[in-house]
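Work through the exercises below with the sequence and the structure open beside you, and try each task before you read its solution.

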Amino acid sequence: MTQEEITKIEERIVDVLKTVYDPEIPVNIYDLGLIYKIDVNEEGTVDIDMTFTAPTCPAADFILEDVRQKVDSLEGVKSANVNLVFEPAWDQSMLSEEAKLELGLE
């Protein structure tokens with residue numbers, strides 16, 4: 001897989017991540033700043049590091065599975081590994097400008 005193909009897959013991953021929502025927050029997980037890393041290797045394996053706004057998120061299992069299924073379904077992706085991490089701890093500075101506006105924080 002070429003670097004150009006990897007870049008296109010990464011862009012599609014971002015697009016699909018913007019369709020995943022925490023049911024308690026009206027902003028997608030990408031704009032919330034919950035995605036720390038997207039790594040696509042030449043074989044099409046994707047590693048995603050993500051977190052939650054709180055370690056005790058009641059929707060954690062649902063969100064993790066939604067991310068894995070949506071990324072796994074993308075053309076060019078052989079498998080998706082979604083890793084839950086809590087370092088660094090999430091805070092509101094990780095919100096995109098769009099998320100801040102949506103949540104009334106601007």
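**Exercise 1. Pairing of the strands**

Find the bridge partner of Met50 in E3, and then work out how E2 pairs with its neighbours.

*Solution.* Keep in mind throughout that this is a predicted model. Begin at Met50, whose bridge partner in E3 is Leu84. This bridge belongs to the pairing of E2 with strand E3 (residues 79-84), which runs in the parallel sense over six bridges. Between the two strands the chain passes from E2 through helix H2 (residues 60-72) to E3, and this β-α-β crossover is right-handed. Next, turn to the other pairing, in which strand E1 (residues 35-40) and strand E2 (residues 45-50) are antiparallel, with five bridges. One pair of bridge partners here is Ile38 and Ile48, the latter in E2. Finally, look at the hairpin of E1 and E2, where four residues lie between the strands and Gly44 takes a positive phi near 95°.

**Exercise 2. The two faces of H1**

Check the length of helix H1 (residues 3-17) against the expected span, and decide where its buried residues lie around the axis.

*Solution.* First, the length: with 15 residues at 1.5 Å a residue, H1 should span 21 Å, and because its end C-alpha atoms are 21 Å apart, the two values agree. Second, list the buried residues, taking buried to mean under 20% relative accessible area; in H1 they are Ile6, Ile9, Ile13, Val14, Val16 and Leu17. Seen down the axis of H1, these buried residues fall within an arc of 165°, so they line one face of the helix. On the other side of H1, Glu4 and Asp15 are exposed. Third, ask what the buried residues meet, and you will find that they pack against E1, E2 and H2.

**Exercise 3. H2 and the core**

Repeat the analysis for H2, and then relate the helices to the largest nonpolar core.

*Solution.* The buried residues of H2 are Ala60, Ile63, Leu64, Asp66, Val67 and Val71. They cover an arc of only 160° around the axis, which puts them on the same side of H2. The face turned away from this buried side carries the exposed residues Asp61 and Phe62, while H1, E2 and E3 are among the elements that cover the buried residues of H2. Now consider the largest nonpolar core, which has 30 residues, and in which Ile13, Ile63 and Val71 are among those with the most contacts. H1, E1, E2 and H2 each supply at least two residues of this core. As a last step, follow Ile13, whose contacts include Ile38, Ile48 and Val71.

Key
Residues are numbered from 1 along each chain as its sequence is written. This is a predicted model: local features need pLDDT of at least 70, side-chain atom pairs count only at pLDDT 80 or more; totals for chains, interfaces and linings use all residues. Side-chain values use heavy atoms; hydrogens and water are left out. Two strands pair if DSSP finds at least two bridges between them. A crossover is right-handed if, with the strands pointing away from the viewer, the path from the first strand over the helix to the second runs clockwise. The expected span of a helix is 1.5 Å times one less than its number of residues. Buried means under 20% relative accessible area, exposed over 50%, partly exposed in between (1.4 Å probe, protein chains only). The arc is that of the directions from the helix axis to the C-beta atoms. Contact means heavy atoms within 4.5 Å. A nonpolar core is a set of buried Ala, Val, Leu, Ile, Met, Phe, Trp, Tyr and Cys residues joined through side-chain atoms within 4.5 Å. Lists of a residue's contacts leave out its neighbours within four places in sequence.
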